[in-house]
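User: I am new to this structure and would like a close look at a single part, one strand and its surroundings. Please take me through what pairs with it, what covers it, and how it fits into the whole.

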Amino acid sequence: MSSGKKIKLGQFFTKATLWLKPQVQKFIKNSKCKISYDPFAGGGDLLKASEEILAFNDTKGLDIDPSLEWEINDSLISIPHIDNAIIITNPPYIAKQSASRKKIDLSLYFNSSTYDDVYLIALDKMLLAQKYVVAIIPESFINSSFKQKNKIYSITILEENPFEDTENPVCVVCFDSIEKNYNEIKIYKNDVYINDLASIQKLRLEPNNNIDITFNTLKGWLGLRAIDSTDDKTFINFDFKENFNYDWQNNIKVSSRHLSLIDINVKKERRKEFIDRCNIIVNQIRQDSADILLTPFKGNTKKGIRRRRLDFRLARAIMEKAYCEMEGKNRYEQQRLL
Ligand SMILES: C[S@@+](CC[C@H](N)C(=O)[O-])C[C@H]1O[C@@H](n2cnc3c(N)ncnc32)[C@H](O)[C@@H]1O
């Protein structure tokens, strides 16, 4: 496969069947559909798995690339309906920004959509065509603004990578097209049930922007390691800048995202307490959400755990919460003294 097509058409084929977790198999079986349908058929790996593992006798593949010898269809424009079929696919993922950076013209699709990645456009077309859809898509979907999330049956986050040639963190989303509340949507990590989508989303903190916080400034006193390292020893954390073995002076830029030097007005004698509170809050969010609220980062740790990144929006919200908790405690202590 040419590397040009790989990027332009998102041609990353799904070699392993790691995505076929027991709950996904059960969903496919319970749909009682007779045909496995892949409108982005590529190497045909998902159709092969449908025949060999899921025992489908009938399969149907479409693709835009004539060299792949499927029936040709532009499935980002429309997908023909097939009676009794379930879509099982891995659509192309190409973000609008990355397409324009690489000078790939996808305006045909993006001009008639508000979405910023073709896989979201693909999901819309699939849900127009079929009631049951199983899609392997980026894990960032969970925090996306996709408008039909209420038609999801379950989301399974995969820690292992089902692709041979990309490390993009992915999940398997099963849609049954029945409109429901988020507390009925099940979230799994690998084959373990974690929680429902509503409970996970309730854990999300949003910043109020009511405290001055500046990221990536040499005036800062507070260091933030925003990405887990691969060694299973160093995780996302806040600490005094001196406690990082890092040359802040020469490395901090406006665009820094891995390590940041932060300025926030906290009295010197209370800074240790502030840092401890920030770390307790971030670790609590990680534990309660099984890490789902943190952005997945390419590649796993040596033990095979998905690395995570703390984006600055959530980092800001955590610092605001820690700050308010400290102020609240102050007020409480003052009241006690009166
Ligand atoms: C990620 S691959 C899917 C591979 C396949 N599902 C598998 O597991 O082997 C995406 C496929 O979608 C095809 N594709 C890209 N844009 C398309 C479009 N607009 N309509 C139909 N197929 C498209 C690509 O040619 C590629 O084969």
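Analyst: In strand β7, Phe 175 is the bridge partner of Val 133, and this pair belongs to the run of six bridges that joins strand β5 (residues 133–138) to β7, the two strands running antiparallel. This is a predicted model, and what follows describes that model as computed. Strand β6 (residues 152–157) also pairs with β7, again in the antiparallel sense, here over five bridges; within that pairing, Thr 156 has Val 172 of β7 as its bridge partner.

How many of the six residues of strand β7 are buried? Six of the six residues, 170–175, are buried, so the strand is largely enclosed by the rest of the structure. The burial holds on both faces, since Val 170, Val 172 and Cys 174 on one side are buried, and Cys 171, Val 173 and Phe 175 on the other side are buried as well. This division into two sets fits a general pattern: in a regular strand the side chains alternate between the two faces of the sheet.

Val 172 shows what such surroundings consist of. Leaving aside neighbours within four places in sequence, Val 172 is in contact with Trp 19, Val 24, Val 134, Ile 136, Thr 156 and Leu 158. Among these contacts, Thr 156 is the residue already met as the bridge partner of Val 172.

The wider setting is an open sheet of nine strands, ordered β3-β2-β1-β4-β5-β7-β6-β8-β9, in which the pairing is mixed. The edges of this sheet are held by β3 (71–72) and β9 (192–196), each with a single partner strand, so one side of each is left without a neighbour in the sheet. While β7 runs antiparallel to β5, the sheet also has parallel pairing, as between strand β1 (residues 35–38) and strand β4 (residues 85–89), which are joined over three bridges; there, Tyr 37 has Ile 87 of β4 as its bridge partner.

Helices pack on this sheet, and two of them touch β7. Helix α2 (residues 22–30) touches β4, β5, β6, β7 and β8 (186–189), and its direction makes about 155° with that of β6. Helix α6 touches β4, β5 and β7, with a direction that makes about 175° with that of β5.

The strand also takes part in the largest nonpolar core, which has 76 residues; those that touch the most other members are Ile 86, Val 134, Ile 137, Cys 171, Val 172 and Val 173. Helix α6 (residues 118–129) gives this core its largest share, seven residues. Domain 1 (3–201) and domain 2 (213–337) both give residues to the core, so it lies between them. As a general matter, in soluble globular proteins, nonpolar side chains tend to be buried together.

That brings in the division of the chain, for which the domain assignment gives domain 1 (3–201) and domain 2 (213–337). Their C-alpha centres lie 34 Å apart, and twelve residues of domain 1 are in contact with twelve residues of domain 2. On the side of domain 1 that touches domain 2, the residues divide into six nonpolar, one polar and five charged.

For a view of the other domain, there is a second open sheet, of four strands in the order β10-β13-β11-β12, with antiparallel pairing. Its edges are β10 (213–214) and β12 (237–240), each with a single partner strand, so one side of each is left without a neighbour in the sheet. Four bridges join strand β11 (residues 222–225) to β12, and Leu 222 stands opposite Phe 240 in β12. Strand β13 (residues 259–264) holds Leu 261, which is buried, with 23 other C-beta atoms within 10 Å. Leu 261 and Gly 223 are 38 residues apart along the chain, and their C-alpha atoms are separated by 4.7 Å.

Taken as a whole, the chain has ten helices and 15 strands, and its C-alpha trace spans about 75 × 45 × 40 Å along its principal axes. Of its 338 residues, 34% count as buried, and the six residues of β7 belong to that buried part. Among contacts in the chain with a separation of 6 or more, 69% come from residues 24 or more positions apart.

Technical notes
Residues are numbered from 1 along each chain as its sequence is written. This is a predicted model: local features need pLDDT of at least 70, side-chain atom pairs count only at pLDDT 80 or more; totals for chains, interfaces and linings use all residues. Domain bounds come from an automatic or database domain assignment. Two residues are in contact if their C-beta atoms, placed from the backbone, lie within 7 Å. Ala, Val, Leu, Ile, Met, Phe, Trp, Tyr, Cys and Pro count as nonpolar, Asp, Glu, Lys and Arg as charged, and the others, Gly among them, as polar. A residue is buried if 20 or more other C-beta atoms lie within 10 Å of its own, exposed if 12 or fewer, and partly exposed in between; C-beta atoms are placed from the backbone. Two strands pair if DSSP finds at least two bridges between them. A nonpolar core is a set of buried Ala, Val, Leu, Ile, Met, Phe, Trp, Tyr and Cys residues joined through C-beta atoms within 7 Å. Axes are lines fitted to C-alpha atoms, for helices over the stretch in contact, and angles run from 0 to 180 degrees between N-to-C directions.
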